[in-house]
Structure formats: C-alpha cells, structure tokens
Amino acid sequence: MDLEHRAAVLARTELFQAIDEATQRRIAEHVAERVVERGQCVFVQDEPGDRMYVLAEGAVKLYVASRDGGIVELVRHRPPATFGEVALLDGGPRSATAEAVERSTLLVVTRAELVALLHAEDRVADGLLRILGAIVRRTTRQVTDLV
C-alpha cells in the first residue's frame, strides 16, 4: 500500500479525520503495515499493548474469553476502524483478543507516535475521547444485555 493510500485510510477514521492532510500524510509515513490472514490473532487478551491498529482492508473481531472458557464477541470491525487503543493509552494489558475474520491489512500506530500526535493535535484527542466514549457505551449495552 503506497503513502497516498495509507493517508486516505487514516483520513476516513474517526480518530484522524479532523486533522489536516499534511499531518495525515506525515502519520502515514511513520505507520507500519501488517497483513493478517483469516483466523490469525492480531493481539491476545491480557498481553501488553504498545500499538494500536487502523483497519485498512478486511474484517477483525474483538472478543473476550472468561476463565471458564466462555467467549463473547464484543465488536466486528470493517474499514475504516481503529482498535487496540485502550491498552495503548493506559499501559495496561489488552482487554480483548483481536482476530482477523478475513485476510486484513492493518496500519500500525505505536504508542510513541500517538502520544506525540496527541500533544500536537487537539482534534486527535477529541477523536480519541469520542472513540473511548463509544467503547464504554457499547460495553454498557452488552453488560445490560447479559443481565
């Protein structure tokens, strides 16, 4: 995927859409690209997290597993979507497992890159707050459904 395509993918995400094209392009220069095959894990629940992902192509599901082996799918992402940001922000372990549902292309954003961007671009912080709010609301709905 070339630089222009990576920048265009970033521009379509809630997190990066409010920033100017030059900044999107600068970020696109620094992100790595990762391809995961269907059934392959991007990351596993409880492992340390130092990067987040932007889904450029394909589909990824996030799910949690209980200690007794039960599995609950939290969300299924299609492009453009970001995921993995919670562990990246708080430095804690991954709260879920992310698995490719089909062959997927991901853009990888490291913690250092995101923190630098948060300091430089207020609109990225606003986007991140909206995403985190949506995660909390989705989780609350899911817990309510389980009760």
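The following questions and answers concern the fold, surface and salt bridges of a predicted model.

Reader: Which pattern of helices and strands does the chain follow along the sequence?

Author: The model is a predicted one. Its chain has five helices and six strands. Read from the start of the sequence, these elements follow the pattern α-α-β-β-β-β-β-α-β-α-α.

Reader: What is the radius of gyration of the chain, and what would a compact globule have?

Author: Along its principal axes, the C-alpha trace spans about 50 × 30 × 25 Å. For 147 residues, a compact globule would have a radius of gyration near 15 Å, and the chain agrees with this, since its value is 15 Å.

Reader: What percentage of the residues in the chain is buried?

Author: A residue counts as buried when its relative accessible area is under 20%. Of the 147 residues in the chain, the buried ones make up 39%.

Reader: Among contacts between residues at least 6 apart in sequence, what percentage joins residues at least 24 apart?

Author: A contact requires heavy atoms within 4.5 Å. Among contacts between residues at least 6 apart in sequence, the share that joins residues at least 24 apart is 72%.

Reader: How much of the accessible surface belongs to carbon and sulfur atoms?

Author: The accessible surface of the chain comes to about 8000 Å². The part of this surface that belongs to carbon and sulfur atoms is 52%.

Reader: How far apart are the mean positions of the positive and negative charges?

Author: The chain carries 19 positive and 23 negative charges. The mean positions of these two sets are separated by 3 Å.

Reader: Which parts of the chain does the salt bridge of R103 and E37 tie together?

Author: The structure holds five salt bridges, one of them between the side chains of R103 and E37, with an N to O distance of 3.0 Å. R103 is exposed, at 52% relative accessible area, whereas E37 is partly exposed, at 40%. The two residues are 66 apart in sequence, so the pair ties together strand β6 and the loop between β1 and β2.

Reader: Which residue forms a salt bridge with R51?

Author: R51 is partly exposed, with a relative accessible area of 29%. The partner is also partly exposed, at 41%. In this salt bridge the closest N and O atoms are 2.8 Å apart, and the partner of R51 is D50.

Reader: Where do R78 and E102 lie in the chain?

Author: The side chains of R78 and E102 meet in a salt bridge of 3.1 Å, N to O. This pair links distant parts of the chain, 24 residues apart: R78 lies in the loop between β4 and β5, and E102 in strand β6.

Note on methods. Residues are numbered from 1 along each chain as its sequence is written. This is a predicted model: local features need pLDDT of at least 70, side-chain atom pairs count only at pLDDT 80 or more; totals for chains, interfaces and linings use all residues. Side-chain values use heavy atoms; hydrogens and water are left out. Helices (H or I, at least four residues) and strands (E, at least two) are DSSP runs, numbered from the N terminus. The radius of gyration is taken over C-alpha atoms; the globule rule is 2.2 Å times the number of residues to the power 0.38. Buried means under 20% relative accessible area, exposed over 50%, partly exposed in between (1.4 Å probe, protein chains only). Accessible areas come from the Shrake-Rupley method with a 1.4 Å probe; for residues, only the protein chains shown count as cover. Lys and Arg count as positive and Asp and Glu as negative; His and the chain ends are not counted. The place of a charge is taken as NZ of Lys, CZ of Arg, CG of Asp or CD of Glu. A salt bridge is a side-chain nitrogen of Lys or Arg within 4 Å of a carboxyl oxygen of Asp or Glu.
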